[in-house]
Amino acid sequence: VRDVSADTLDTASFNKILSVFKDHEKSHAARKEVMAMYLSLDTLVHYSQVVAWVEALYDKGHAENKDIRQTRAEIVSYCFHKLVETSRTRELLTLLDPEARKA
């Protein structure tokens, strides 16, 4: 039996990812690096955390930037099987605009 509370992403790690995602001067590679650093294979995330990350990547008129669109698609894809709320996996896809779904 999996201990969800022990495997769920902690607040400090969530905030570190969020701060990198909010810095739109960071490259996709930098955002991907922070995802890899804090989202290990065993780490679970909450739907609300993924929503916050995706929303940070829509901020400040940078939504159309190809690198940011790619990060949005990647974070949703990566977290699809990591959700604590397994019944909300399909909802993740609705967070992406059509162009990000193609990324």
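Which residue forms a salt bridge with K32?

## The E74–K32 salt bridge

E74 does. In this predicted model, the closest N and O atoms of the pair are 3.6 Å apart. E74 lies in helix α5, which spans residues 66–79, and K32 lies in helix α3, residues 28–38, so the salt bridge ties together parts that are 42 residues apart in sequence.

Both partners are partly exposed. E74 has a relative accessible area of 22%. K32 has a relative accessibility of 42%.

## The E91–R88 salt bridge

A search of the whole structure finds two salt bridges. One is the E74–K32 pair. The other joins E91 and R88. Here the closest N and O atoms are 3.0 Å apart.

These residues are partly exposed as well. E91 stands at 32% relative accessibility. R88 stands at 29%.

## The two faces of helix α3

Which residues of α3 are buried? They are H28, R31, V34 and M35. Viewed down the axis of α3, the buried residues fall within an arc of 130 degrees, so they line one face of the helix. They pack against two other helices: α2, residues 11–22, and α5. Helix α5 is also the home of E74, the salt-bridge partner of K32 in α3.

The face turned away from the buried side looks outward. It carries the exposed residues A29, E33, A36 and M37. K32 fits neither list: at 42% relative accessibility, K32 is partly exposed.

## R31: buried, with no salt bridge

R31 is found in helix α3. It is one of the buried residues there. What is the nearest side chain of opposite charge to R31, and how far away is it? It is D67, 4.9 Å away. A salt bridge requires the nitrogen and the carboxyl oxygen to be within 4 Å. R31 has no salt bridge.

D67 still offers R31 a polar partner through its backbone. The backbone oxygen of D67 lies 3.1 Å from a polar atom of the R31 side chain. So the two residues call for separate readings: the side chain of D67 is 4.9 Å away, whereas its backbone oxygen is 3.1 Å from the R31 side chain.

## What surrounds R31

Leaving out residues up to four places away in sequence, R31 touches V20, F21, K26, L57, D67, I68 and T71. D67 is thus listed among the contacts of R31, as well as being its nearest side chain of opposite charge. The list also includes another Lys, K26.

Definitions and conventions:
Residues numbered from 1 in each chain as written. Predicted model: local features only at pLDDT ≥ 70, side-chain atom pairs only at ≥ 80, totals over all residues. Heavy atoms only, no water. Helix = DSSP H or I, 4+ residues; strand = E, 2+ residues; numbered from the N terminus. Buried < 20%, exposed > 50% of the residue type's maximum accessible area, 1.4 Å probe, protein only. Arc of directions from axis to C-beta. Contact = heavy atoms within 4.5 Å. Lys, Arg positive; Asp, Glu negative; His and termini not counted. Polar contact = N/O pair within 3.5 Å; in protein donor to acceptor, adjacent residues only side chain to side chain.
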